[in-house]
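This report looks at aromatic contacts and at a pocket. Please keep the sequence and the model in view while reading.

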Amino acid sequence: MDLDALFLHFFETEDPSTLTQEDFALGIERLRLGFELEREEGRKFALWTLLEGLGHAPLPADAFAKHPQLKAAAEEYLKAAFRLERFGDPDE
């Protein structure tokens with residue numbers, strides 16, 4: 001999935017810095033709806049990671065209750081993000 005295309009689709013812009021708080025909230029609602037309606041697992045996970053990056057993702061147990069592999073992947077993603085935030089990139 002292309003990040004610019006996702007922003008254009010859900011937020012109607014490729015430049016998030018141009019969004020008002022109201023526009024951002026509306027985009028988040030569209031993204032949440034897209035996440036809930038998505039059936040293809042890879043796309044669903046990609047939408048969840050975007051929601052997570054924007055601070056609005058449901059917990060993995062809630063988001064992927066019927067998909068144990070996606071739940072495990074989301075938990076690993078969160079662990080990796082936490083380690084990166086706390087300890088930085090080990091390659092640097």
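## A buried ring and its partner

Phe11 counts as buried, because its relative accessibility of 4% falls under the 20% cut-off for that class. The model described here is a predicted one, and a search of the whole structure finds seven aromatic pairs in it. One of these is formed by Phe11 and Phe24, whose rings are stacked, at 5.8 Å centre to centre and with 20° between the planes. Because Phe11 lies in helix α1 (residues 3-11) and Phe24 in helix α2, the pair ties together parts that are 13 residues apart in sequence. Phe24 itself is partly exposed, with a relative accessible area of 27%.

## The aromatic cluster

One aromatic cluster is formed by Phe35, Phe45, Trp48, Phe64 and Tyr77. The ring of Phe35 also has a charge over it, since the charged end of Lys44 sits there, 4.1 Å from the ring centre.

## The largest pocket

The volume of the largest pocket is about 190 Å³. Its lining includes Phe35 and Lys44, together with Phe64, and Phe35 and Phe64 are also among the members of the aromatic cluster. The other lining residues are Glu36, Glu38, Arg39, Pro58, Asp62, Ala63, Ala65, Lys66 and His67.

By class, this lining has six charged, five nonpolar and one polar residue. Helices α2 (21-37) and α4 (60-63) each supply at least two residues of the lining, and α2 is also the helix in which Phe24 lies.

Methods: Residues are numbered from 1 along each chain as its sequence is written. This is a predicted model: local features need pLDDT of at least 70, side-chain atom pairs count only at pLDDT 80 or more; totals for chains, interfaces and linings use all residues. Side-chain values use heavy atoms; hydrogens and water are left out. On a 1 Å grid over the protein atoms alone, a cavity is a set of points where a 1.4 Å probe fits but cannot get out, and a pocket is an open set with protein on both sides within 12 Å along at least five of seven lines; lining residues have an atom within 4 Å of a point. Grid points are joined across faces, edges and corners, and a volume is the space filled by probe spheres set on the points. Helices (H or I, at least four residues) and strands (E, at least two) are DSSP runs, numbered from the N terminus. Ala, Val, Leu, Ile, Met, Phe, Trp, Tyr, Cys and Pro count as nonpolar, Asp, Glu, Lys and Arg as charged, and the others, Gly among them, as polar. Rings of Phe, Tyr and Trp (its six-membered ring) pair if their centres lie within 6.5 Å; planes under 30 degrees apart count as stacked, over 60 as edge-to-face and the rest as tilted. Buried means under 20% relative accessible area, exposed over 50%, partly exposed in between (1.4 Å probe, protein chains only). A charge sits over a ring if NZ of Lys or CZ of Arg is within 6 Å of the ring centre and within 35 degrees of the ring normal.
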